[in-house]
Amino acid sequence: MASSRVKTVCPFCGVGCGINLKIDEQGKLAGVEPQQSHPVSRGKLCEKGWSTAYAIRPDNRITEPLKRIQDRFYPIRWDEALSEISEAIREIQAEHGSDAVGVISSARATNEDNYAAQKFARVVLKTNNIDHCARICHSPTVAGLKQTLGSGAMTNSTKDIFETELIVVIGADPTENHSVFGGQMIEARLRGAKLVVIDPRVTRLAKMADVHLQLKPGSNIALINAILHVLIKRKLYDASFVSQRCEGFEALARSVKAITPELAELSTGISAAKIRTVAELYGQAKSAMILYGMGITQFVSGTSNVIALSNLALVCGQIGRPGTGINPLRGQNNVQGACDMGCLPNVYPGYQAVEDKLVQDKFAQAWGEPVATRPGLTSLGMTKAALAGEFRGLILFGEDPVVTDPDQNHVRVAMKKMDLLVVAELTMTETAKLADYILPAASFAEKEGSFTNCERRVQHIAQALQPPGSAMGDWQWLKALAETLGSHALSWANSEAVFDEMASLTPSYQGMTYSGIALAHGLQWPCNQDAPQGTAILHQTKFPIGKARLIPVHQIDIDEKTDEQYPLILTTNRLSCHYGCGSMTRKSPLLERETPAGLLFINPADARTLHIQRYSPVGILSRRGYVETRAMITDDVPPGLVSMPYHFKEAPSNQLTNTAQDPITKMPELKACAVSVVPLPPGQEPKDIEHLSEGQ
């Protein structure tokens, strides 16, 4: 067998870089390299991309189904596992009804896997209880932009970064989270684009910015409304775009009339002069591109924050042209695709509403089965219902909510309380440790399918390796489970057949085929009869809802304030060397060497007050939990704010975070909660969370 190179897509963040997997003569993965001609990554990879081979190496993979008996897992055959899981599902539904079970799918899995998961929930289980991690990252993007523009996705393409005059990055840290695209932003800045960064932390990009607005956490709307006030008062908005393509301008103008930069200075901590400077830069730019992330969405005000940004882009006509737009940076490799596939409790594939009778009829007819008609539970709703004894069984793959969801203790109790927890995974994650059955999943390199990146580019991934042991792709074991439950609704012959069915029912994907997306480094949706080559820029001449809507929104303060007992605000961040719950990146000795297991970033002034030295062991306490880690003293966080990454199971920030939710999307407020920090005795090693739990 000769060595070969297989073209595929990086399995980490939402940038969607092109990589080649190098396969040796024995059919094993020997390494990775960037695709030189790829339109997104342009021959570059970040440290995570270069370490892809470690993420899927076979040494600690789950290779056969496992069953929990008391506190240990024992191997069983696939037919036994499927039969026992089916029996448990039937018993739960017979006793508690169809909505007592649900599915959490994965933003790391393929479009085909996610399409199968929502179809399994809706056709086989007869419930809309289907969700995934977009609930805790970009659900406010989908909800907010759907209201204002009619479509909840990045309006432009990443290549537009080289065609814009002004880059505005708000609530995002692209050089850490989306490193290749972050590097392109630096390149665009060096080529002459102006850069504005809006972030409570001094990020790498903030250090290069023309203007850095270091706002207080959660004061996004106050700031954006003050910028709108200046734009409207000084007539720096695009009056002709507003009159021709928007509605609601008068109401918006009235709502921001009293929100002066001086008033906003009180709540944001940013000087009125700086607010005016940024308003003038944005209002006078021929092209300006807004890019945002979790620092906008992960608040109780998440949906309103997104609407505020949309108002800003619309009033200046910065939409529908190269180098403009409102552009959410999606965190995981296929979070855009998982949303597009309908892995949400209120929409079918293509964001077609669950409650719409015509949509229900369309899918019932296509699938040959009646479908559930009520919106289902969100992932956090499933947790809450499990705690109340109303939700009894969960099938979950490619997610680790025990590490990534807020209030970790709460999630762990809910998982243990269910009658049935089935987890399909590559390795033994913290959530898998609580499962009744663990199913061996195939990695992205061991199956065929497609991923959709943050710029709506649907790309083909080819199978390069055989799955280890009896591991299967997620749509394949879902098909096998459906058949054990007596349904042939998922009986596709191959992944291309799954894609073709999905594309036929999803208007924005209707013009796509495997051959089409393989040929062109992917196609950007909408790709259909009107746009057979895909669409690089949305909303060029019209919006899906006719005229765009300008919707007044008002400042909503963070849920949890500081007090004597909890005097600091904690926010969360990501690190360039790690990804998600760490189950993939922490297998790399190169990446693991770069960062110790957990960190707390703290300002020197706070560290002095608390008698904390650099790398000192510290304890962090919130109203929900306690963790121990080491302190990193840095001016990158302002006094009063501390920050923790969430990648580390030993020191998980989600022991501490708040479950208070955005009322529209149920997004939890992961970006702000009140904590206290205490130094531990010198020389004492921080205890990881398992040892802390044992001591309680």
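Tutor: Welcome! Let's start with the classes: Ala, Val, Leu, Ile, Met, Phe, Trp, Tyr, Cys and Pro count as nonpolar, Asp, Glu, Lys and Arg as charged, and the others, Gly among them, as polar. Keep in mind that the structure above is a predicted model.

Student: Thanks! How many residues of each class are in the lining of the largest pocket?

Tutor: The lining of the largest pocket has ten nonpolar, 13 polar and three charged residues. The space in the largest pocket comes to about 740 Å³. Of the 26 residues that line the largest pocket, Trp 525, Pro 526, Asn 528, Leu 538 and Pro 544 are the closest to its centre.

Student: What kind of peptide bond joins Trp 525 and Pro 526?

Tutor: Omega is the value to read here, and for this pair omega is about 0°, a cis peptide bond. You will find Pro 526 in the loop between strand S21 (523–524) and strand S22 (548–549).

Student: Which backbone angle should I look at for Gln 70?

Tutor: Look at phi: Gln 70 is not a glycine, although its phi is positive, about 60°. Gln 70 also sits in a loop, the one between strand S4 (66–69) and strand S5 (72–75).

Student: Let's turn to helix pairs. Are H4 and H21 roughly parallel or roughly antiparallel to each other?

Tutor: The general idea is that angles under 35 degrees count as roughly parallel. Helix H21 covers residues 474–484, and the axes of H4 and H21 cross at roughly 20°, coming within 8 Å. H4 and H21 are therefore roughly parallel to each other. The crossing in which H4 passes H21 is left-handed.

Student: Which residues in H4 and H21 meet?

Tutor: From H4 come Glu 112, Asp 113, Ala 116, Ala 117, Phe 120 and Val 124, and they meet Asp 474, Trp 475, Leu 478, Leu 481 and Ala 482 in H21. By class, that contact of H4 with H21 has eight nonpolar, no polar and three charged residues.

Student: And how is H4 oriented relative to H22?

Tutor: Angles of 65 to 115 degrees count as roughly perpendicular. The axes of helix H4 (residues 111–124) and helix H22 (residues 495–505) cross at roughly 65° and come within 9 Å, so H4 and H22 are roughly perpendicular to each other. H4 passes H22 in a left-handed crossing. In H4, Glu 112, Tyr 115 and Lys 119 meet Ser 495, Val 498, Phe 499, Glu 501, Met 502 and Leu 505 in H22. The classes in the contact of H4 with H22 are five nonpolar, one polar and three charged residues.

Student: One last pair: is the crossing of H5 and H15 left-handed or right-handed?

Tutor: Begin with the angle: the axes of helix H5 (residues 139–148) and helix H15 (residues 302–315) cross at roughly 45° and come within 8 Å. H5 and H15 are therefore oblique to each other. Their crossing, H5 with H15, is right-handed. H5 contributes Pro 140, Thr 141, Ala 143, Gly 144, Leu 145, Gln 147 and Thr 148 to the contact, and H15 contributes Gly 302, Thr 303, Val 306, Ile 307 and Ser 310. The residues of the contact of H5 with H15 are five nonpolar, seven polar and no charged.

Key. Residues numbered from 1 in each chain as written. Predicted model: local features only at pLDDT ≥ 70, side-chain atom pairs only at ≥ 80, totals over all residues. Heavy atoms only, no water. 1 Å grid on protein atoms, 1.4 Å probe; cavity = no way out; pocket = protein on both sides within 12 Å on 5 of 7 lines; lining within 4 Å. Points joined across faces, edges and corners; volume = space filled by probe spheres on them. Axes fitted to C-alpha atoms, helices over the stretch in contact; angles between N-to-C directions. Helix = DSSP H or I, 4+ residues; strand = E, 2+ residues; numbered from the N terminus. Parallel < 35°, antiparallel > 145°, perpendicular 65-115°, else oblique. Left-handed = near helix turned anticlockwise from the far one by under 90°. Contact = heavy atoms within 4.5 Å.
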